[in-house]
Amino acid sequence: MRIHLQAGLSRAAAATLLGGALLMPGAHAAAPGHSASPTIGSTATADLGTLLRRIQDAGLQQSYVGTYVTSSGGQISSSRITHYCDGREQIERIEALDGQMRRVFRHNDTIHVLWPARRSALIEQRDLLGRFPQPLPPGDSGRLADSYELMLEADDRVAGLEAQVVTLRPRDTMRYARRLWLERRTGLLLRSDLLGPQGEVLESTAFSELQIGGKLQPQQLLQEMNQLEGYQISRPSYQPTDLGAEGWSLRAPVSGFVAQRVLRRPITPWPTPRSTAEPQPVSQPPGAGASVLQAVYSDGLANVSLFIEPHVAGVSRRETPATVGSTSALSRRLGDWWVTAVGAVPPATLQQFTGSLERKRKP
């Protein structure tokens with residue numbers, strides 16, 4: 001990944017490219033819900049909004065412990081997740097089981113990312129955007145149905161549990177298909193595959209074992225989350241803003257994608273290792289400490305982030321694509337600015353975003 005960073009991706013963009021699957025299991029808790037929806041109908045015309053609301057609601061009503069495995073770009077990684085919820089509180093711990101030790105804790109919208117070996121921690125507030133599936137505003141399922149067609153598949157089993165299988169097939173070439181496995185009784189998302197144009201699996205995330213229910217100890221999770229004595233802590237801040245107010249606009253909308261939020265976020269350095277035996281991060285580039293503008297667009301399933309930052313003299317970058325598994329990034333220079341688009345979408349979609357972005361005025 002060192003090559004891609006030097007080739008034009010900002011740190012914020014690289015973090016998005018690398019971290020897309022990290023919180024996927026916790027995505028079940030994406031929106032306030034009601035009682036669990038029944039299994040969706042047996043016809044191909046079943047409502048797409050009903051399906052997604054069922055997945056969202058399931059995460060608000062179920063606690064679980066399990067191991068999930070992600071296969072992407074020829075790489076396989078696994079994590080252990082403990083998820084507690086009671087309809088009001090969401091608490092979870094995700095621990096990477098491969099590579100460098102990393103633990104991610106979430107208490108509602110507060111995120112703690114801990115690297116125990118280097119005694120470093122990142123604390124930030126995140127809204128619900130970016131989790132799958134997206135919370136659907138009332139009446140918004142019609143827009144989603146313009147982009148995807150819901151197809152019911154034969155039932156299957158995942159981690160020993162009976163699953164209902166559906167495919168969300170795109171109606172154009174601007175997005176990828178998704179195949180989802182829902183636990184038949186609760187609606188929990190057991191497996192999610194992202195499919196390429198020929199039906200090939202670009203990325204697959206699935207539980208290899210899962211225990212739903214049981215008596216979890218939320219206070220123990222919170223205690224672990226807040227044991228930060230001796231840690232070097234970073235607390236980046238984010239300021240909501242507006243693309244137009246920042247002097248930018250899209251000449252033409254990208255089919256199916258709607259603006260969700262715009263943030264100005266700091267370009268922060270990688271955590272500093274405490275031991276020379278640990279892998280060394282990429283050196284902090286000139287201009288670090290500045291901020292980057294992030295505009296997020298969504299079609300209800302897929303997200304695209306546009307990162308806009310000033311061009312810094314002395315930083316070597318190339319207008320080049322980068323890919324990690326199913327997620328692509330595309331960078332280009334636009335006058336005195338660097339623009340990077342990141343998303344689990346076809347590269348042509350990113351080209352439309354970067355090609356439509358234009359500088360209107362200096363705010």
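**Helix H3**

I began with the length of helix H3 in this predicted model. H3 covers residues 48-61, and at 1.5 Å a residue its 14 residues should span 20 Å. I found its end C-alpha atoms 21 Å apart, which agrees with that expectation.

I then looked up the burial of H3. Of its 14 residues, 11 are buried, so the helix is largely enclosed by the rest of the structure. I listed the buried residues as Leu48, Gly49, Leu51, Leu52, Arg54, Ile55, Gln56, Asp57, Ala58, Gly59 and Leu60. I note that the list includes Arg54 and Asp57.

**Nonpolar cores**

Which residues touch the most other members of the largest nonpolar core? I found Leu168, Leu243 and Phe257, in a core of 34 residues. H3 supplies the largest share of this core, with four residues.

I followed Leu168 further, setting aside its neighbours within four places in sequence. Its contacts include Leu48 and Leu51, both of which are among the buried residues of H3. Leu168 is also in contact with Tyr148, Glu149, Leu150, Ala177, Arg178, Leu180 and Leu301.

I recorded a second, separate core of 18 residues; among its members are Tyr68, Ile81, Ile94 and Ala163.

**Aromatic pairs**

I counted five aromatic pairs. One of them joins Tyr68 and Phe207, with 6.2 Å from centre to centre and 70 degrees between the planes, and it is edge-to-face. Tyr68 belongs to strand E1 (residues 64-72) and Phe207 to strand E12 (residues 201-212), so this pair ties together parts that are 139 residues apart in sequence. I checked the accessibility of both rings' residues: Tyr68 is buried at 4%, and Phe207 is buried at 6%.

I looked next at Tyr297 and Phe353. Their ring centres are 5.2 Å apart and their planes stand at 50 degrees, so I entered the pair as tilted. Tyr297 lies in strand E17 (residues 291-298) and Phe353 in helix H6 (residues 347-356), so the pair ties together parts that are 56 residues apart in sequence. Both Tyr297 and Phe353 are buried.

I also noted one aromatic cluster, formed by Tyr64, Tyr68 and Phe207. Tyr68 thus appears in my entries as a member of this cluster and as a member of the second core.

**Charges over rings**

I looked for arginine side chains placed over aromatic rings. The charged end of Arg191 sits over the ring of Trp181, 4.2 Å from its centre. Arg175 lies over the face of Tyr148, at 5.9 Å from the ring centre. Tyr148 had already come up as a contact of Leu168.

**Open sheet**

I traced an open sheet of seven strands, in the order E14-E16-E17-E18-E21-E20-E19, with antiparallel pairing. Which strands stand at the edges? They are E14 and strand E19 (321-324); each has a single partner strand, so one side of each is left without a neighbour in the sheet.

I followed the pairing from the E14 edge. Strand E14 (residues 239-240) is joined to strand E16 (residues 258-266) by two bridges, and the two run antiparallel. Here Pro240 stands opposite Leu263 in E16. E16 is joined in turn to E17 by eight bridges, again antiparallel. Leu263 has Gln294 as its bridge partner in E17. Leu263 is therefore entered twice, opposite Pro240 and as the partner of Gln294, by the strand pairing I used.

E17 is also the strand that carries Tyr297 of the tilted pair with Phe353.

Further along the sheet order I looked up strand E20 (residues 327-334) and strand E21 (residues 337-343), which pair in the antiparallel sense over seven bridges. Leu330 stands opposite Ala341 in E21.

**Positive phi angles**

Most residues other than glycine have a negative phi. I therefore looked for exceptions to this rule.

Asn108 has a positive phi of about 55 degrees although it is not a glycine. I placed Asn108 in the loop between strand E4 (103-107) and strand E5 (110-115). Is Asn108 buried, exposed or partly exposed? Its relative accessible area is 26%, so it is partly exposed.

Arg119, likewise not a glycine, has a positive phi of about 55 degrees. Arg119 lies in the loop between E5 and strand E6 (120-125). I entered Arg119 as partly exposed, because its relative accessibility is 33%.

Methods. Residues are numbered from 1 along each chain as its sequence is written. This is a predicted model: local features need pLDDT of at least 70, side-chain atom pairs count only at pLDDT 80 or more; totals for chains, interfaces and linings use all residues. Side-chain values use heavy atoms; hydrogens and water are left out. Buried means under 20% relative accessible area, exposed over 50%, partly exposed in between (1.4 Å probe, protein chains only). Rings of Phe, Tyr and Trp (its six-membered ring) pair if their centres lie within 6.5 Å; planes under 30 degrees apart count as stacked, over 60 as edge-to-face and the rest as tilted. A charge sits over a ring if NZ of Lys or CZ of Arg is within 6 Å of the ring centre and within 35 degrees of the ring normal. The expected span of a helix is 1.5 Å times one less than its number of residues. A nonpolar core is a set of buried Ala, Val, Leu, Ile, Met, Phe, Trp, Tyr and Cys residues joined through side-chain atoms within 4.5 Å. Contact means heavy atoms within 4.5 Å.
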